[in-house]
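Biologist: Could you take one close look for me, at the empty space left in the interior? Please spell out your cut-offs as you go.

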Amino acid sequence: MKRAWIVFAVTAAYIVPTRIWAMFRFADPKTGFYTDGGWTVGILSVFLAVCAAAILVLSARSRLPGASGEPMRSVPAAISGAAAGVAVALQSAVSLAVPAADAGALDWIFALCGILAAAALLTAAYGFASGGAPLRRLPVLALMPSVWGCLGMVLLFIRYAATVNRLENLYHTCTAAFLLLFLFSQAKLLTGIDSAKSGRRVFGYGLAAAALTAATAVPNLALYFSGRGTLGLFPTGLHAANLFLAAYALCYLAAAGRRAGAPAAFPAAREDAPAEGRPGGEETDGEPDVLKSCADFLNSRYGWEEKFVGAAENARKTAENGKG
């Protein structure tokens, strides 16, 4: 997974400032198009697509095990998860309190599902803070972020189908798709449906989603706060919520990666193994023979035929060899 993290870091460090420069330099907020014909942003899009594909491949081919569905304690994941939950709840509450002029029934359902998705994120954050797995008892709630993401994808397709094709629309759609894939893969892990595929895919989807979110949300928010307005029809509140979700994904993956890459515990002696005598003929009284476990571990790793012997036995063999 280390290589996938390196690709993500290089991608984010290059694409974010370059996209901000290109949007401030060439974007026309009135028309939503670029004054250079879209060549600069098009080249950046190809670079971003190649990097996202590299992240997916490197994550899938990593030798380290993927994320586990076992309970995990992580303060950064808990804090970022709670922040993401609050951000999604605020965005949904604002959509319900101040609906858009063209808001329909699907927009209301999307906002209501956002409240439930926020509750799931806050529950997951509590689990990371306490080291428990509360979503295993609430599998339906764990799926609500994925349902919220699916409804968001449907709304994007409906809105973008009625507008002229723009490159920004493709950015927003791909960002929402990868965030949805990450949330769904993580939901399978948090509910105990642990699988090797989900454990590996959550890294690829999460890192790719974070890279795409950085490439879309940060430049558009920079345009918005500069007074120039955002490009495309993607709501500004969702840009902010996506940033919190991307930060949550990175914190979760960092904690899961450290846990997956941690060295395995030293093999203990089997409880059902017969009691072995200690060097010198003393009995172990049921206690594990630590020296034998060490020797077995070294032999299995390096193919040696070494064993530990007591000092008295070693001296006796030395004396016998000297007599011979």
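Modeller: Helices here are DSSP runs of H or I, at least four residues long, while strands are runs of E of at least two, both numbered from the N terminus. Keep in mind that this is a predicted model, where local features need pLDDT of at least 70 and side-chain atom pairs pLDDT 80 or more, though totals for chains, interfaces and linings use all residues. Residues count from 1 along each chain as its sequence is written, and side-chain values use heavy atoms, without hydrogens or water.

Now, the cavity. One cavity of 30 Å³ or more turns up (a set of points on a 1 Å grid over the protein atoms alone, where a 1.4 Å probe fits but cannot get out). The largest cavity holds about 60 Å³ (the space filled by probe spheres set on points joined across faces, edges and corners). Its lining, meaning residues with an atom within 4 Å of a point, includes Ala-120, Leu-121, Ala-124, Pro-145 and Tyr-248. H7 is the top contributor with four residues, and H4 also supplies at least two. Leu-183, Gln-186, Ala-187 and Leu-190 are among the lining residues too.

Then there's the largest pocket, at about 780 Å³ (an open set with protein on both sides within 12 Å along at least five of seven lines). Its lining takes in 36 residues, with Gln-91, Phe-110, Arg-159, Pro-235 and Leu-238 nearest the centre. H4 (105–130) and H7 (167–190) show up again, each giving at least two lining residues, as do H3, H6 (144–161) and H9 (236–261).
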